[in-house]
Amino acid sequence: MTAKRIIHAACPHDCPDTCAMLVEVEDGRATRVSGDPDHTPTRGFLCTKVTRYLERVYNPGRLLYPMRRVGAKGEGRFERISWDEALDQIARRFREIAASADGPEAILPYSYGGTMGIVNGSSMDRRFFHRLGASKLARTICSSAGVDAMRYTVGATIGTDMENFHLARLIVLWGTNTLSSNIHLWPEIQQALSCGARLIGIDPHRNHTMDHCHQFIQINPGTDAAFALAVMNVIVAEGLEDRDYIERYTLGFELLREQVAAWPPARAASICGVTENEITEFAREYATTRPAVIRVNYGLQRHAGGGMAVRAIACLPALTGAWREAGGGVLLSSSGMFTFDEAVLQRPDLIRGNPRTVNMSRLGEALTDFEPPVRAIYVYNSNPAAIAPDQSKVIEGLKREDLFTVVHEQFQTDTADYADILLPATTQLEHRDIVKPYGHYYLVYNEPAIAPMGEAKPNWEVFSLLAERMGFEEDCFKDTDEDIIRQALSTEAAIFDGITLDRLKRDGWARLNLPETFAPFAEGGFHTPSGKCEFYSEGLEREGLDPLPDYIPPRESPATAPELAARFPLQLLSPPANSFLNTSFSHLPSFLKSERQPFIQINPEDARKRGISDGDRVRVWNDRGECRLVARLSERVKPGVAVALSIWWNKLSPDHTNVNQTVSQALTDIGAGATFFDNLVEVAKSDA
Ligand SMILES: Nc1nc2c(c(=O)[nH]1)N[C@H]1C(S)=C(S)[C@@H](COP(=O)(O)OP(=O)(O)OC[C@H]3O[C@@H](n4cnc5c(=O)[nH]c(N)nc54)[C@H](O)[C@@H]3O)O[C@H]1N2
Ligand SMILES: Nc1nc2c(c(=O)[nH]1)N[C@H]1C(S)=C(S)[C@@H](COP(=O)(O)OP(=O)(O)OC[C@H]3O[C@@H](n4cnc5c(=O)[nH]c(N)nc54)[C@H](O)[C@@H]3O)O[C@H]1N2
Ligand code: SF4
Ligand SMILES: [Mo]
């Protein structure tokens, strides 16, 4: 008989739910992962992806040793070396580049959401690159448009507590596929529905969540701000606004009223591809149902005007006073409540010189067109060869013989194939961390459950070892994982009072010090400079943008770029597939089996025009690049819109490319974010 141990873990993935997990360990081997039944948001279940986490941990494809490239870049041939050799070589090259005329800013860190842990994603790594004087990375690939829009409007990424959604009597799912990407919100929604709540979805794609809505509003891509402005027009025209809330807690209502006067439903209806009635009815229902909550997610901000879209939507609950009740308001992200002390964790004071900032959404440009050039890139927690816009430019850069590329990974991803030095990373079961969520208000702790596989090392340890080799003598480089967690928890913010490492070790998670039913802005208290919800934002004015919510149309659409649309008539959206998490599971056998093959949904009318039948291989392209997918004819998209659920690995796809070949490096209005869904393409039957 061997003793079975249960370990507290935290799902590390880039997902709003940040589940608390329980890991069963026998004889040093993890035998089962499950959701912690005591953790309210998790409710004892994990999603279909992470239920199979052990398939990831024990996959034969795990990287187990440091390696050096022996083949051509991209070929993926490596030979084993020791950690000493690997670290020495990285330190030597970094020192050489730092001492050259180009200076240390010729070195670029590249990381995103591989793990949402503080220890392994936003502390020791940042200290290392700061002290080195490397280029700074603007981490814009996912959420910066919406996050900044929330900051300008309500002052922080704080919103309705997901645990209070069951109280709502109207729930709007706006640009989100809850059943795939935020599954732990669903039980709350079901509870609300059983009490008679109404559920409305707004999306260009009838995704499987929309099938459960009482009403589905199929909006044209990138036009949500126009819809929201017209909704405000109706609310104000019909006197449905909450005068008292507006007077006490908002700024700029008179100017907003003038702005929305220019948005009668008729104007928005033709832009949005919906009926006037849909707008008017929505406005009335939204303004007169209490509590009313909007779950706005990141899908609708991946367009040229994505920031303004989120901002316009975020103005709605202040206009109607929906913030007054728990279960009312809007939720984009809860991350702004986790006010860790970045000065301590990331040590920006160590920055040498005045290094440039590189926008990660324009990696292709950074690697091919910068002066001084990027001479070294260190990739961890990310797979840019597959996930970044304008893929052919990214690959062109990664192929450069004079670029020194380090990749720290759990698997041999598309990006790993271009590494000069490839380092093995631990998974969540093999290292310690705390995970900062963006969907709820609990901090979740992760205890290592098993020993590292092979010679895999956690990110924080590799940066600590590299710092030693670089001769960085500051004490912060000697911190352990536990030290970093203690530093994170020792913040002054009262919201963390009483949350200690010991308590996290005992319970596995801790709710921030907030009331059980929590209405963040019931009595104002916005985190903006004025302390009010800013319909009018001086901050935006200083940025040269409209200080009021505005509609910024898509860069690529038939209405706004008719010449481009004559050649590339279809607006392509590529939101997450149910069984994938970005590219993190897109190579594991059972996950690939669930998603079958890379496909594109097009309306039967568009297919007929092109002689395409269901199941045909098609070429999908524009001037930036192309990929090959299988056509699925579907009424779930309107004519003129196409959907390719993502993100597939290039090397497991036909022609070794994915949809990001076609995506541009253009940025959003606010937040300089990526515009993955602002993308016109053409589709034709493939000759192959
Ligand atoms: N299963 C799974 N879950 C995930 C992920 C994953 O890859 N797989 N990724 C995680 C990450 S990194 C993130 S950022 C989140 C993303 O979470 P969400 O942003 O909620 O992503 P989706 O659930 O795909 O929902 C995006 C929806 O936006 C729609 N959309 C696109 N353009 C527009 C538009 O102009 N207007 C409107 N109204 N809708 C639009 C798409 O059709 C899609 O249905 O999910 C996280 N969860
Ligand atoms: N076409 C299209 N493109 C998109 C999107 C889309 O919807 N459509 N979504 C965008 C969005 S929202 C996002 S957030 C980005 C996501 O882009 P990324 O953040 O790059 O996400 P992943 O592709 O999952 O890659 C994460 C990698 O980190 C590795 N990893 C995990 N844990 C660790 C660790 O502890 N240490 C190290 N060193 N590595 C680790 C994993 O093995 C994985 O390969 O993609 C963007 N790209
Ligand atoms: S990916 Fe999301 S839903 Fe799945 S286990 Fe992790 S946090 Fe929970
Ligand atoms: Mo994301």
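This section describes the aromatic ring pairs and the charge–ring contacts of a predicted model.

Across the whole structure, a search identifies 27 aromatic pairs. In one of them, the ring centres of F94 and F128 are separated by 6.5 Å and the ring planes meet at 35°, so this pair is classed as tilted. The tilted class applies because the angle is neither under 30 degrees, as stacking requires, nor over 60, as an edge-to-face arrangement requires. The two residues belong to distant parts of the chain: F94 is located in helix α2 (residues 83–99) and F128 in helix α4 (residues 124–132), with their positions 34 residues apart. A relative accessible area of 0% is computed for F94, which is therefore buried. F128 likewise has a relative accessible area of 0% and is buried.

A further aromatic pair is formed by F129 and F463; here the geometry is edge-to-face, with a centre-to-centre distance of 5.4 Å and an angle of 70° between the planes. Distant parts of the chain are again linked, since F129 lies in helix α4 and F463 in helix α18 (residues 459–469), 334 residues apart. F129 and F463 are both buried. The four phenylalanines F94, F128, F129 and F463 are among the members of a cluster connected by ring pairs, which also includes Y378, Y380, F404, F472 and F477.

Contacts between arginine side chains and aromatic rings are also found. The charged end of R56 is positioned over the ring of F585, at 5.2 Å from the ring centre. For F599, the residue over the ring face is R632, at a distance of 3.6 Å from the ring centre.

Key. Residues numbered from 1 in each chain as written. Chains lettered and ligands numbered in written order. Predicted model: local features only at pLDDT ≥ 70, side-chain atom pairs only at ≥ 80, totals over all residues. Heavy atoms only, no water. Phe/Tyr/Trp six-rings, centres within 6.5 Å; stacked < 30°, edge-to-face > 60°. Helix = DSSP H or I, 4+ residues; strand = E, 2+ residues; numbered from the N terminus. Buried < 20%, exposed > 50% of the residue type's maximum accessible area, 1.4 Å probe, protein only. Lys NZ or Arg CZ within 6 Å of the ring centre and 35° of its normal.
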